[in-house]
Amino acid sequence: MPSDRDGLSVIVQVVTRWILVLIVVYGFGVAFFGHLTPGGGFAGGVVIACGFVLATLAFGGRSGPAAAFHRRVASLEAAGALTYLGMAAIGWTVGHFMQAWTPRGADFTLASAPFLVVLNLAILLKVGAGLFAGFMVLVLFDRAPAAPRDGKGGG
Amino acid sequence: MDAILIGLAAFLLLGSVAALEMKNLLSAVITVGVVGMGLSILFLLLGAPDIAITQVVVEVIVVTVMIRATTRTADEESGRPRSLATVVAGVGAMVLLVGVAVAAFAALPAFGAARAVPSDWYLTHAQRATGAANVVTSIVLDFRGYDTLGEATVILVAIASALVLARHVTGDGESGRARRGAAAPADAPPAGEEAPRA
């Protein structure tokens, strides 16, 4: 499958570059307003992962926007998990674990539940990076028909 | 409304059976995608837009990944003729399942009329307690934040394990970094190019 290495035609690549911006913005929108409208961090994260999967298919693994994302996938995933845990742990300072400790603004606005907004963004990072990493792992396994058996665990 | 739901559910059943019976793997994956889209419409009609959105996006990425994973084997025909015992066992299991399902659904409260006290409490108090207009989010991230933490942990562990297992392919790890310098891990060389390590 040559598209795997070299990516698709330049038309697809240019259009993908444009659309990827919209997809990422949409994913963040779904997550940012998840406490007001249907959606949330999980859905937003999957949307963003979809966008980078599209970029991977269009550009191949070697270059393009998805390669930069892939290099940071582990740190982004960890950042999401640590943000969630950190937000939950700060709850201890005002009461108990997982307590919503941020001040709250007017109802039906973005500031009405800042705690939930941050948690949604943390989950967006986790799910977006995690699903994309899963996709890349599947692709890479596919590329390696015979894993070396004599290498002692690759270390 | 009921007619639409029943028609959609029948369509989903037919699609699921078709996906199982497809000889070509790629066609089966596409049929699964169609079933997933139908399921998201069902969720939307039943008043669960959160789940509908999640279902759509998950279906898109799952179908993409499955197509990507099956393109190599798409020409292979799956399935082989079944023995009589398998057919009998399958039909028996289905009859049993349908019987249990009919009995179980008859015992459920009517749709939208939950008997549990907490559900009413959430609907009336969630906005004031958490500030979230979307009750689903207030439950997922606030009242049931522990559950979401556990779910996030599951994803983290699963992906971390997958990355560890794939490390000899991705070239991560110390020997991979030393060998390939600052090159993107996305471009792991095929395993054939790697010198076998003794």
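**Helix packing, cores and ring pairs in a two-chain model**

In helix H1 of chain B, the buried residues (under 20% relative accessible area with a 1.4 Å probe, protein chains only) are B:Leu5, B:Leu8, B:Leu12, B:Gly15 and B:Ala19. Viewed down the axis of H1(B), these residues fall within an arc of 85°, taken from the directions from the helix axis to the C-beta atoms, so they line one face of the helix. The model is predicted: local features need pLDDT of at least 70 and side-chain atom pairs count only at pLDDT 80 or more, while totals for chains, interfaces and linings use all residues. Residues are numbered from 1 along each chain as its sequence is written, chains are lettered from A in the order in which they are written, and side-chain values use heavy atoms, without hydrogens and water.

**Helix H1 of chain B**
- H1(B) spans residues 2-21 and reaches 29 Å from its first C-alpha to its last, close to the 28 Å expected at 1.5 Å a residue; helices here are DSSP runs of H or I with at least four residues.
- Its buried residues pack against helix H2 (25-45) of chain B.
- The face turned away from the buried side carries exposed residues (over 50% relative accessible area), including B:Asp2, B:Ile6 and B:Leu20.

**Nonpolar cores**
- A nonpolar core is a set of buried Ala, Val, Leu, Ile, Met, Phe, Trp, Tyr and Cys residues joined through side-chain atoms within 4.5 Å.
- The largest core has 44 residues, of which A:Phe52, A:Tyr84, A:Leu119, A:Phe132, A:Phe135 and B:Ile61 touch the most other members.
- The largest share of this core, 13 residues, comes from H6(A).
- A second, separate core of 5 residues includes B:Leu5, B:Leu8, B:Leu12 and B:Leu42.
- Leaving aside neighbours within four places in sequence, A:Leu119 is in contact (heavy atoms within 4.5 Å) with A:Tyr84, A:Met87, A:Met98 and B:Leu141.

**Aromatic pairs**
- Over all chains there are 9 aromatic pairs, defined by ring centres of Phe, Tyr and Trp (its six-membered ring) within 6.5 Å.
- B:Trp121 and B:Phe143 form an edge-to-face pair (planes over 60 degrees apart), at 5.7 Å centre to centre and 75° between the planes.
- B:Trp121 lies in helix H5 of chain B and B:Phe143 in helix H6 of chain B, so the pair ties together parts that are 22 residues apart in sequence.
- B:Trp121, at 38% relative accessible area, is partly exposed (between the buried and exposed limits), and B:Phe143, at 22%, is also partly exposed.
- Ring pairs link A:Phe52, A:Phe69, A:Phe132 and A:Phe135 into a cluster.

Notes: Expected span 1.5 Å × (residues − 1). Phe/Tyr/Trp six-rings, centres within 6.5 Å; stacked < 30°, edge-to-face > 60°.
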